[in-house]
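Student: Could you take me closely through one strand and its pairing partners, and keep to that part of the model?

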Amino acid sequence: MRRRPVFLAILAAALVLVPAAPAAPASSPEFDLDSADIPALQARMAAGRLSATGLTGRYLDRIHRLDGKVNAVLALNPAALGQAAESDARRRAHRLRGPLDGIPVLVKDNVDTRDQHTTAGSRALRRYPAKDATLITRLRAAGAVILGKANLSEWANFRAAKPTSGWSGVGGQTNNPYVLDHNPCGSSAGSAAGVAASLAQVAIGSETDGSIVCPAGMTATVGHKPSLGLVSRTGVVPISAEQGTAGPIARNVVDVALTLSALQGRDPSDPATAQYPRTQPTDYAKLLRPGVLRGARIGLWRLPVLGPSTDAVMTSAKNSLVKAGATVVEVTPPYQDRLGELEFPALLTEFHRDVDAYLATRPRGPRNLAELIAYNRADPLEQTCFAGQELFEQALAAPPPTDPGYLAGRAELSDLARRSLDETLAKYHLDAIASPTNPPAWKTDCATGDDDVIPSSTPAAVAGYPDVTVPAGFAGPLPVGISFMGARWSDGRMLALAADFARVAPARVPPRFLPTLPS
C-alpha cells in the first residue's frame, strides 16, 4: 500500500508556496545539498547566499521528485515553510537560536507532534497526540524546521513474529535508496532512508535494539543511539523503558553531534534523565577534532556470522584505524548467547506495560494493548504485510512487571549487557569497541520477513550505552557500517572517534536508486 492521498495534497500545497530560493540549484557544483553539513549551510545563510525558506523548499522539491522511489516520508508538515520563514526573520533580527535554526528535520512517526498525526505506522492511531514530545519541544526551541514525519516499521517492528522492516499500515514499504528492492532495516527505516536520499538534513529515529544503527548502516548514514537518559523519551511510542531511546541520523557526524546537543537534557517526566551527568558536554561538535584516533585503543568485534563481504569491509576498516594511529585488538564480548535468551521475554512484559501507559496519554483511540489487537483483527489493510500480530498477543499474555521471574530475568539481562562491554573495555584497556553495524541489505519480501541476524547492537542497547555508526564500505552497491560502542555517557568520545574514522576512511557515496542488484 502506498501513502495516503492526503500526503500528496499537502505536498502539492507546500510546493505551490515554495518561493524562489536565493541559493544556487542543489545540483550545481557550487552547492551540493547531499554533501553540505550544517556548519556549511549556516555559513551560506550568514553570507546571504541561502535562506531557511530556500533550503526547506529544496528539500520539499527533492521529496516531490524522489520520494516516490524511496517512500520514506509519511506526511509533510504544512507549517514547515512558515517555520523556515520565522527562522529567516530571526536571522534578520540577529536573534538566531543556535546551529539548528532553519535546518529541516524529519521526525520518525512514533514521536508525538501536536500539529501532525503520530501513528507509530498503525492505522489505529491516525489522530493528533495531546502535545509535543519533549524532544520536539527542544527542536522547536533550537529553531529547527520540522519538515514532516518519516515512515517506520509499524510499532517499531514489535507486532509480528516475522516483520518486514520499513513497512507500516499507514505508509506502506520504505525502500533502500541504494537498491530499491532491498530493505532499509530496522524500525527507523524512513528516517535513515530519507536522510540517505537527501530528503532532509537530519532525521530523528528511535531504538530499542538496533533500530537507529542498523538503518543508518544499511543506508550509509551516521546514526547515534545515545546513552539511556541522555535524550528524553516522553512522548515517544515505546517498546521498553529499560532500553528505548531516541537519537539523530544524518549524513555527517557533525550534524548528528549538533542535533544531539540540542536534544539532550533532563526531563522531569522521564526518570532516566535524572541520571544525566552535569559534566556532560553541551556542544558535542567541539569534540570532533582530527587525530582523535591516534593513540586510541579500539577493540574489533568482527562477527563473522554477518558474512564474508561484511568481514572484508571490517578488515579494510581495521587497516584504516591502524593507519590513523590506533591500536586495534580483536575481541569477542562475553555473554552474548545469554543476552539473546533473556531479552525477548523481558521486552514482552515491558511492551505491555509501557504501551498501555503511552496510550493513556492519547486523547482518543485505543486505550490499551487489547484494544489494539482487536483493531488489527478488524482492519484488512493492517494484515497486508505484517499479516500477524503474534508479539502483541504474546505481550498481552506475558507476566506482569511485578512477576519475580520477570524481575530476575531483567536484572540478569541488564547486568550481563553492562558487563559484556565494561569487562571487555577494561580487560584490553580500550577506548571503544568497534563492530560491523550490519550485513548488506537483504531483498524485501513480505512473505518471508526480515533476514536480520544482527547481534552487534544488543550489548549497547540493553546496557543503555552509546552506539555510533558511520559508513565503512560497500558490498557491491550495498552499504556496510561500523559501530563504535563505549561506556555509558561516553557519547562525546564515541562521536569523536567515529568522526575521525569518517575523516581518514571516507566511504559514503550518494545513492543511485538502483531498481535491483546488477545481474
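Tutor: Strands E1 (residues 73-76) and E3 pair in the antiparallel sense over three bridges, where two strands count as paired if DSSP finds at least two bridges between them, and where strands (E, at least two residues) and helices (H or I, at least four) are DSSP runs numbered from the N terminus. This is a predicted model, in which local features need pLDDT of at least 70 and side-chain atom pairs count only at pLDDT 80 or more, while totals for chains, interfaces and linings use all residues. Residues are numbered from 1 along each chain as its sequence is written, and side-chain values use heavy atoms, with hydrogens and water left out.

Within the antiparallel pairing, Ala75 has Lys149 of E3 as its bridge partner. Strand E3 also pairs with strand E2 (residues 104-108), here in the parallel sense and over five bridges, and in that pairing Val107 stands opposite Lys149. Between E2 and E3 the chain passes through helix H5 (residues 134-141), forming a right-handed β-α-β crossover; right-handed here says that, with the strands pointing away from the viewer, the path from the first strand over the helix to the second runs clockwise.

Strand E3 itself spans residues 145-150 and is mostly covered, with six of its six residues buried, a term that stands for under 20% relative accessible area, against over 50% for exposed and partly exposed in between (1.4 Å probe, protein chains only). Lys149, which is matched with Ala75 and with Val107, thus belongs to a strand whose six residues are buried.
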